[in-house]
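Reader: Could you take me through this model slowly, and tell me for each term what earns a feature its name?

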Amino acid sequence: MKTADIFKFKSQRMKVLHLTWIAFFISFFTWFNMAPLATTMLDTMDWMTTEHLAALGILNVALTIPARIVVGMFLDRFGPRVVYSALLILMSIPTFMFAFGDTWTQLMISRLLLSSIGASFVIGIRMVSEWFPPKDVGFAEGIYGGWGNFGSAAAAMLLPWFALTMLGGDNGWRYAVALTGVICIIYGIIYFICVRDTPEGKAFIKPKKSGAMEVSTWKDMIQLILWTLPLGGALAVLAWRIEGMGFISSNVLYITYTVIGITMIYQVFKILQVNVPILKKGVPKDDHYNFKNVAALNSTYFANFGAELAIISMLPMFFQLTFTLTPATAGMIAASFAFINLVARPLGGVLSDRLGNRKRVMLTYLIGISIGLVVMGFIESGWPLILAIVVTILTSVFVQGAEGATFAIIPMIKKRLTGQVAGMAGAYGNVGATLYLTLYTFVTPQQFFFVLAGGAFASFVICYFWLEEPDNSFAGDYYQSSVDKQNAIDTDNLAKEALELKKTASGGR
């Protein structure tokens with residue numbers, strides 16, 4: 001696929017790509033609708049403090065971790081068209097709750113629920129992989145992720161203008177937030193009407209069982225359990241931070257720990273329930289995949305997307321204090337880190353598609369991240385400001401390019417499990433952000449960059465030993481095992497039976 005192909009709007013697959021990145025754009029536009037209006041909220045709600053806003057910021061990512069796992073399961077079962085449309089429409093409800101909430105409880109609960117919209121990313125990963133072959137999927141996934149991710153920057157630019165200039169008044173910010181909910185409803189309907197899960201004549205292949213990721217060996221099942229537990233740990237850290245800020249009591253914290261613990265036990269039970277019968281029966285040789293590839297990609301997204309979220313959260317203040325800048329100037333410089341997404345993430349996908357070895361591209365990006373973050377750790381007030389900006393932008397190119405390279409590989413690990421693999425990797429990105437931002441409270445900014453560099457290098461080591469070059473990396477279609485082919489036949493038969501029942505029922509009337 002060439003760059004010019006992106007603008008061939010009459011192509012059905014390009015139409016789906018554009019409609020899908022717009023859905024992701026709207027998800028992020030809605031997800032980050034609070035940050036640009038935070039100071040306005042402080043001015044118009046006399047009881048609100050900066051501590052309240054900090055707590056809302058934590059809640060804004062809380063449910064994204066489990067939601068990405070759950071949405072990944074729904075996605076592989078019901079298809080991206082239904083799940084994306086449903087998520088957009090459902091998330092309009094907490095958006096409206098937040099827009100017109102007057103009490104701390106209303107704002108807290110609505111923001112917590114709205115954090116689930118962060119799971120939208122994994123839906124498009126499966127949709128794009130259905131429409132683009134392995135040889136082009138990296139570029140297409142990069143366009144989806146990079147252009148859609150720009151929704152957060154668009155919210156920062158447009159929502160204050162809409163709230164303060166176009167509307168004005170104490171309730172301007174409320175109407176601006178509510179607008180994002182209206183857009184979610186409208187586009188959720190548009191997306192449902194305008195897209196299909198797969199091209200004409202291609203079956204949507206589902207996992208044999210839902211509820212947990214399928215594995216191929218007993219060893220892989222143990223690894224899956226071990227890599228599932230840290231997801232609950234990250235949620236526990238978020239709850240601990242909220243309690244430490246004084247917004248929930250110690251009793252509520254212990255109740256939260258209990259709920260997280262029960263949820264983790266249930267998830268382990270589902271892993272056993274799904275996989276023990278499959279493993280006892282035996283997995284056909286041609287249907288095997290190594291879970292260590294999933295684990296390696298979990299580590300890459302922990303290291304790159306986790307670092308991106310953490311850096312974006314601290315970079316404006318870092319530049320402001322280090323170089324004695326105004327908040328506006330520091331904010332504009334820090335925004336360059338996010339703006340690079342428009343180009344860097346698609347570039348990571350393109351290089352993965354075109355350089356002949358996806359693993360090597362991934363390793364190169366991880367080394368680039370490690371070096372860039374180490375250099376950022378030496379930035380101090382004596383540096384020329386322009387040099388600090390250049391180093392920041394170059395590091396951003398590697399961080400976001402690595403994200404594109406990660407999701408250029410994910411659809412090839414096990415095609416029918418793409419939603420669940422993407423969901424787990426995506427969740428680990430949020431786990432990384434949670435743990436990194438917690439560590440940030442104990443170290444200096446310079447030390448923080450060294451911590452991030454250490455995480456990227458650890459991921460390099462994991463990928464060097466565990467990540468395998470996928471089968472059919474640059475083929476015209478995805479590898480299908482005997483199980484995939486049988487699932488496709490079963491899906492076709494079920495569709496035919498449903499059609500016959502519908503005809504019979506219509507004739508009966």
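The conversation below takes up salt bridges, burial, helices, cavities, a pocket and cysteines in turn.

Author: Please keep in mind from the start that this is a predicted model, and that the values we discuss are computed from it.

Reader: What makes Arg13 and Asp136 a salt bridge?

Author: The closest N and O atoms of Arg13 and Asp136 are 3.7 Å apart, and because the cut-off for a nitrogen of Lys or Arg and a carboxyl oxygen of Asp or Glu is within 4 Å, the pair qualifies. In the chain, Arg13 belongs to helix H1 (residues 12-31) and Asp136 to helix H8 (residues 134-149), with their positions 123 residues apart in the numbering. The structure holds 13 salt bridges. As general background, side chains of opposite charge can pair when their charged atoms come close.

Reader: Why is Asp136 called buried or exposed, and what of Arg13?

Author: Asp136 has a relative accessibility of 7%, and since buried means under 20%, the word buried applies to Asp136. Arg13 stands at 25%, which falls between the 20% limit for buried and the 50% limit for exposed, so Arg13 counts as partly exposed.

Reader: How do you know that Asp102 and Arg174 form a salt bridge?

Author: From N to O the side chains of Asp102 and Arg174 are 3.0 Å apart, and this is within the 4 Å cut-off, so the name salt bridge is justified. Asp102 sits in the loop between helix H5 (80-99) and helix H6 (104-114), while Arg174 is in helix H10 (residues 172-194), 72 residues apart. Asp102 is partly exposed at 47%, whereas Arg174 is buried at 9%.

Reader: What does the salt bridge of Arg416 and Glu214 tie together?

Author: Their side chains meet at 3.0 Å, N to O. Arg416 lies in the loop between helix H17 (385-413) and helix H18 (418-440), and Glu214 in the loop between H10 and helix H11 (218-244), so the pair ties together parts that are 202 residues apart in sequence. With relative accessible areas of 2% for Arg416 and 4% for Glu214, both are under 20% and therefore buried. Elsewhere, salt bridges that share partners join Asp76, Arg126, Glu130, Lys202 and Lys415 into one network.

Reader: How do you know that the length of H8 is close to the expected one?

Author: H8 has 16 residues and reaches 22 Å from its first C-alpha to its last, and the span expected at 1.5 Å a residue is also 22 Å. H8 is mostly covered, with 15 of its 16 residues buried. For H4, which has 15 residues, the reach is 20 Å, close to the 21 Å expected. After H4 comes Gly79, whose phi is positive, near 95 degrees.

Reader: What makes a space a cavity, and how many of 30 Å³ or more are there?

Author: A space is called a cavity because a 1.4 Å probe fits in it but cannot get out, and the structure holds two of 30 Å³ or more. The largest cavity has a volume of about 110 Å³, and among the residues that line it are Arg126, Glu130, Lys202, Lys415 and Arg416. Its lining divides into four nonpolar, one polar and seven charged residues. The second largest cavity has a volume of about 50 Å³, and of its eleven lining residues, Glu214, Val215, Ser216, Asp287 and Arg416 lie nearest its centre.

Reader: Which residues lie closest to the centre of the second largest pocket?

Author: The second largest pocket holds about 860 Å³ of space, and of its 37 lining residues the closest to the centre are Leu63, Ile65, Pro66, Leu235 and Thr263. The largest share of the lining, ten residues, comes from H12. By class, the lining has 28 nonpolar, seven polar and two charged residues.

Reader: Why is Cys194 not part of a disulfide?

Author: The closest cysteine sulfur to that of Cys194 is in Cys184, 16 Å away, and because a disulfide needs sulfur atoms within 2.5 Å, this is too far for a bond. A search of the whole structure finds zero disulfides. Cys194 is partly exposed at 29%, whereas Cys463, at 0%, counts as buried.

Methods
Residues are numbered from 1 along each chain as its sequence is written. This is a predicted model: local features need pLDDT of at least 70, side-chain atom pairs count only at pLDDT 80 or more; totals for chains, interfaces and linings use all residues. Side-chain values use heavy atoms; hydrogens and water are left out. Helices (H or I, at least four residues) and strands (E, at least two) are DSSP runs, numbered from the N terminus. Buried means under 20% relative accessible area, exposed over 50%, partly exposed in between (1.4 Å probe, protein chains only). On a 1 Å grid over the protein atoms alone, a cavity is a set of points where a 1.4 Å probe fits but cannot get out, and a pocket is an open set with protein on both sides within 12 Å along at least five of seven lines; lining residues have an atom within 4 Å of a point. Grid points are joined across faces, edges and corners, and a volume is the space filled by probe spheres set on the points. Ala, Val, Leu, Ile, Met, Phe, Trp, Tyr, Cys and Pro count as nonpolar, Asp, Glu, Lys and Arg as charged, and the others, Gly among them, as polar. The expected span of a helix is 1.5 Å times one less than its number of residues.
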